[in-house]
Amino acid sequence: MLPVTEFWVYFAAQPLLWIVLTLGVYSAAFAIHRWAGRSPLLHPVLVSMVVLIGLLLLTETPYQTYFSGAQFIHFLLGPATVAIAVPLFDYFAKIRQLWLPILVACVTGAFSAAAIAVAVAWFFDARMETLLSIAPKSVTSPIALGISQKIGGFPELSAALCLVTGVSGSLLVPSVLKALRIEDEETQGFVLGLTSHGFGTAVALETGALAGAFAGLAMGLTGLITALMLPALVALV
Amino acid sequence: MLIQGLLAVLLFQLLGELIVVTFLLPVPGPVLGMVMLLVALLSLRRVPVAVRSVSEGLLSNLALLFVPAGVGLVLHFDLLRDEWWIILIALILSSVGAAVITALIFAALLQRQRRRAKG
């Protein structure tokens, strides 16, 4: 029989091992999240990231080796972005009815989210790469990755910043809404989806289906508007 | 059934990527694919069953798809060691600021539209 280390050496070079590990760790993290009452701090993506990064560091596996397997999962982000067209189609009647408030709030919201983040980072003398990677952080991750790549940020850093934004936003934004005495479901959902994309949408769905629909809409539109706006702004600067 | 839905989604992505590359557009290809699929669905006035099932399958497991890129954070540890606190402050201020601005604008416009609809 082969010693364990040789098994590892053989399988660590195969894409299969890293696909299985990614799916396995995520499934376990998903179960823990559910068991812990869906706390945003224990979001399955964050837990999976910590566990898998720890595993790579522990086994001294380069990220490239991990990605040779994980790329098959990563690839699906593109089709998933295209697939957002279906929920947008479902909400289209409501969107058409409220198109002016939605458009105005989404453009100003998407712009201020990116502008405040970049301005604060710039104020503290952050590097250029940080500024470019932080700009698309309010956008749902598959779109943010594409934007970051386009404008010259680090896509992996942007993806992680999106996740942190989602977690911190879904913890903070409900208190902001309470302080502003915002009570209608449309606005609550819209603000959650705009600032905290998928995480915010999940929180909004707990308030109600209408809030969830508006969160999904805000998430999709913010992604679209930021994707159109940021590369053009970066080209200007 | 599933294959046709997947094929449709991938075709729209390919079309998006082709247009972006051809005209050197600043938008990510899949985003353009999303817009074109939305236009196609609107002109069709319904979502074909195959497209809906593929879309629901992809979107209900969306979080999983971020994991490979998220693990890529391991490549940027030196940048994070220097600037993690800047990033954290920027993210928090931006979320709170954008939430206040968006909430006030959206609530005000919504109220105005409703008043108008009544009056």
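**Chain B in a predicted two-chain model**

Visitor: Into which domains is chain B divided, and which residues does each hold?
Guide: The model is a predicted one. In it, the domain assignment, which is automatic or comes from a database, divides chain B into domain 1 (1-65) and domain 2 (72-119).

Visitor: How many Å apart do the C-alpha centres of these two domains lie?
Guide: The separation is taken between the C-alpha centre of domain 1 of chain B and that of domain 2 of chain B. The C-alpha atoms of chain B fill a box of roughly 55 × 50 × 35 Å along the principal axes, and the two domain centres are separated by 27 Å.

Visitor: Why is chain B described as more spread out than a compact globule?
Guide: From the N terminus on, the elements of chain B run α-α-α-α-α-α, with six helices and zero strands. For 119 residues the globule rule gives 14 Å, and chain B is well over that value, so it counts as more spread out than a compact globule, its radius of gyration being 21 Å.

Visitor: Which helix of chain B gives the most to the side that touches chain A?
Guide: On that side, 63 residues of chain B are in contact with 91 residues of chain A. Helices 1 to 6 of chain B each supply at least two residues, but the one that gives the most, with 25 residues, is helix 6.

Visitor: How many residues on the side of chain B that touches chain A are charged?
Guide: The residues of this side divide by class, with 50 nonpolar and eleven polar. The charged residues number two.

How values were computed:
Residues are numbered from 1 along each chain as its sequence is written. Chains are lettered from A and ligands numbered from 1 in the order in which they are written. This is a predicted model: local features need pLDDT of at least 70, side-chain atom pairs count only at pLDDT 80 or more; totals for chains, interfaces and linings use all residues. Helices (H or I, at least four residues) and strands (E, at least two) are DSSP runs, numbered from the N terminus. The radius of gyration is taken over C-alpha atoms; the globule rule is 2.2 Å times the number of residues to the power 0.38. Two residues are in contact if their C-beta atoms, placed from the backbone, lie within 7 Å. Ala, Val, Leu, Ile, Met, Phe, Trp, Tyr, Cys and Pro count as nonpolar, Asp, Glu, Lys and Arg as charged, and the others, Gly among them, as polar.
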